[in-house]
Amino acid sequence: MTAEWCGRHISVDQGIAALLGASIGVTGTVLASAITGWSTRQQVRAQARAEHAHWRRQVRRDAYSAFLAPASESQNALKMAGRAFVGERDTEEIDRRLQQADGQLALARAAWANLAVEGPEAVEQAARSVYRTLRSTETTLLALLDSPADTEDGNARFLERHAVEVGRLSERLSEFTAAARAALDDVEGLDVLPADRRR
């Protein structure tokens, strides 16, 4: 072997090593860049899911509150109207309270439509139950108002039914509140799951 051949061989080996080193460096840089890009996209997606979950929770909370507030006001007005029947029948107070309850019921019904869209079904069913019980309570009071004031048996029967409905109404409102709270907690947990696990 000549010194010239050895020098060329070493030169070629060094050139290949330099080229190989440069290729590995470029590959490493490209790979690191790809991993960083993928990680950034995952963080952006996670942030978007979290923001969407927060937005959904806020929309639902607003829809639930828009139903609950007038339903509670209507419950209170109906309860006060029932009290106006006890003792001296205060027809002016009864009329005022029934009108107030009816106005709040109209608001609750309008909010119920939005709530049905926002869901979930358990909350909508609980709202329907509240609304029906409110209407039933109002109907009982209207029947009591139409009954003659001097028939004590009839009035006692209506007042007793009203008392039962007021108790049932409190239960229905509690059930609605519990269903709404569970749905809000569920939005927070479900909507932040990865898309492939939300199916």
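Is A63 buried or exposed? In this predicted model, A63 counts as buried, because its relative accessibility comes to just 2% and the cut-off for buried is under 20%.

It helps to step back and look at the whole chain. The protein is built from four helices, with zero strands, so to speak an α-α-α-α run when read from the N terminus on. Of its 199 residues, 30% count as buried. The accessible surface adds up to about 12500 Å², and carbon and sulfur atoms hold 56% of that. As for who touches whom, take the contacts with a separation of 6 or more: 79% of them link residues 24 or more positions apart.

Back to A63, which sits in helix α1, the stretch covering residues 3–85. Leaving aside residues up to four places away in sequence, A63 touches N114, L115 and E118. Take E118 as an example: along the chain, A63 and E118 are 55 residues apart, yet their C-alpha atoms are separated by 7.3 Å.

Now for a residue in helix α2, which spans residues 91–118: R97. R97 counts as buried too, because its relative accessibility is 14%, and that falls under the 20% cut-off. The side chain of R97 is joined to that of E93 by a polar contact of 2.8 Å. With residues up to four places away in sequence left out, R97 touches A77, M80 and A81.

How values were computed. Residues are numbered from 1 along each chain as its sequence is written. This is a predicted model: local features need pLDDT of at least 70, side-chain atom pairs count only at pLDDT 80 or more; totals for chains, interfaces and linings use all residues. Side-chain values use heavy atoms; hydrogens and water are left out. Helices (H or I, at least four residues) and strands (E, at least two) are DSSP runs, numbered from the N terminus. Buried means under 20% relative accessible area, exposed over 50%, partly exposed in between (1.4 Å probe, protein chains only). Contact means heavy atoms within 4.5 Å. Accessible areas come from the Shrake-Rupley method with a 1.4 Å probe; for residues, only the protein chains shown count as cover. A polar contact is a pair of N or O atoms within 3.5 Å; within protein, one must be able to donate a hydrogen and the other to accept it, and residues adjacent in sequence count only if both atoms are side-chain atoms.
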